[in-house]
Amino acid sequence: MSGPHARQTAVTGVGVVAPNGLHADTYWKNVQEGASVLDRVTREGCEHLPLRVAGEVRGFDPTALIEETFLVQTDKFTHFALAAADAALKDAGLSESAWADAPYSVGVVTAAGSGGGEFGQRELQKLWGQGSRFVGPYQSIAWFYAASTGQISIRKGFKGPCGVVASDEAGGLDAVAHAARTVRRGTDVVVVGAAEAPLAPYSGVCQLGYPELSTVEDPARAYRPFTSAACGFVPAEGGAVLVVEDLDRARRRDAVVRATVAGHAATFTGASQWDRSREGLAHAIRGALDEAGCAPEEIDVVFADAMGVPEADRAEALALADALGPHGTRVPVTAPKSGIGRSYCGAPLLDIVAAVQAMEHGQIPPTPGVFDICHDIDLVTATARPAELRTALVLSRGLMGSNAALVLRKGPATAA
């Protein structure tokens, strides 16, 4: 639905589980300071893999946050999503009484790229080592891409429209767009997000087929997008969940509107076809701007995809120039993920949270570990840059060839 009477989508809550923070405030503090938490992989069973550096979520205790009933039937990626959903609902000021009489008014959408690899590996080891009688019944659902959507909705009693985007990294932005469309079609509230846990041995082996994966052993040099030393990306765990709802409804209940989802577009250009991604990403940016009714010069900051592959970084820089014109080389660009790694579908959700917080605080966070920029973009490095931010553009590309762009506008409450 479009036009003057279309329902607008507000972001009223955020929840984060990331390598640099288990809460949104901690995450923002570290992002703003440009702290890097990339380190050597410590997971048991991964010692022999060429994958040496990653962004691990440490200090996360699911038993303190999630009931045992749900823990035994879910993988770590769902544990992250359940915890982030709780935090997002609390941030939005929504208690169980808010939907007790209207469970069909709340939907859930998540994105997933790898599913429950750790749970699946554990059960397969039981199968081959002890026999089929030792494989638990939850093996059939815990690994599944839709597990987080299902478990969030079951645990909270949500019965509204639910879905999952089973995609590559750009699916994180597509899930938010799907949620926004669901709100415009009449659903009051949608819990939307993505979290990944790709650091089990089985998952690590699967990732070794990606030529874009960094195998550098030095954490300070393993992920340096937009530089001459770019050598691939570093994977990460974690992600984020948002609460999005009808803007008028949010205002009626006096919720803090942290941002609005203004526009989105997506394209497909083929797996690892980074030269083609220039055209596809530029087309997605133009489409997102058109849907948002936003001129190129209105974009105040870009949260870059930052693949860390020379051809991909060059294509992204050129796509900004193609889509935004002269403004494409002047607009401030940042990539906080260079300090925490890329958590696949969870990565663009973490960028959205950072963009929302950047607009609230008037600070563009830096790109950790990056100094020698070799592309024609205004990349923010070293320290955060003060700026008046009203509109943010978040970009994402996936290894399988998806490109997506999302336009966010500063929330009316914080703007006032």
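These are my notebook entries on the cysteines and the main sheet of a predicted model.

**Entry 1: cysteines**

I looked for disulfides and found zero in the structure. A disulfide is a covalent bond between the sulfur atoms of two cysteines. I then asked why Cys162 has no such bond. Its sulfur lies 17 Å from the closest cysteine sulfur, which belongs to Cys345, and that is too far for a bond. The cut-off I apply for a disulfide is 2.5 Å between sulfurs. I also looked up the exposure of Cys162: the residue is partly exposed, at a relative accessible area of 41%.

Next I took Cys374. Cys374 is in no disulfide either. Its nearest cysteine sulfur is that of Cys231, 12 Å away. Cys374 is partly exposed, with a relative accessible area of 41%.

**Entry 2: sheet order**

I traced the strands across the sheet. I read an open sheet of eleven strands with mixed pairing. The order is β5-β4-β6-β7-β1-β8-β15-β14-β9-β10-β12. Which strands stand at the edges? They are β5 (162–166) and β12 (378–379). Each has a single partner strand, so one side of each lacks a neighbour in the sheet.

**Entry 3: strand β8**

I turned to β8, residues 259–268. Is this strand largely enclosed or open? Eight of its ten residues are buried, so the rest of the structure largely encloses β8.

I checked its partners on both sides. With β1 (residues 9–17), β8 pairs in the antiparallel sense over three bridges. Here Thr9 stands opposite Val261 of β8. With β15 (residues 402–410), β8 also runs antiparallel, and nine bridges join the two. I noted one bridge pair: Gly263 has Val407 in β15 as its partner.

**Entry 4: β4, β6 and the helices**

I moved to β4 (residues 106–112) and β6 (residues 189–196). These two strands pair in the parallel sense, over six bridges. Val109 has Val192 in β6 as its bridge partner.

I then looked up what packs on the sheet. Helix α6 (residues 147–156) does, touching β4, β5 and β6. I read an angle of about 155° between the direction of α6 and that of β4.

Helix α7 (residues 171–184) packs on the sheet as well. Which strands does α7 touch? I listed β1, β4, β5, β6, β7 (238–246), β8, β14 (391–397) and β15. The direction of α7 makes about 125° with that of β8. That ties α7 back to Entry 3, where β8 came out with eight of ten residues buried.

Notes. Residues numbered from 1 in each chain as written. Predicted model: local features only at pLDDT ≥ 70, side-chain atom pairs only at ≥ 80, totals over all residues. Heavy atoms only, no water. Buried < 20%, exposed > 50% of the residue type's maximum accessible area, 1.4 Å probe, protein only. Helix = DSSP H or I, 4+ residues; strand = E, 2+ residues; numbered from the N terminus. Pairing = 2+ DSSP bridges. Contact = heavy atoms within 4.5 Å. Axes fitted to C-alpha atoms, helices over the stretch in contact; angles between N-to-C directions.
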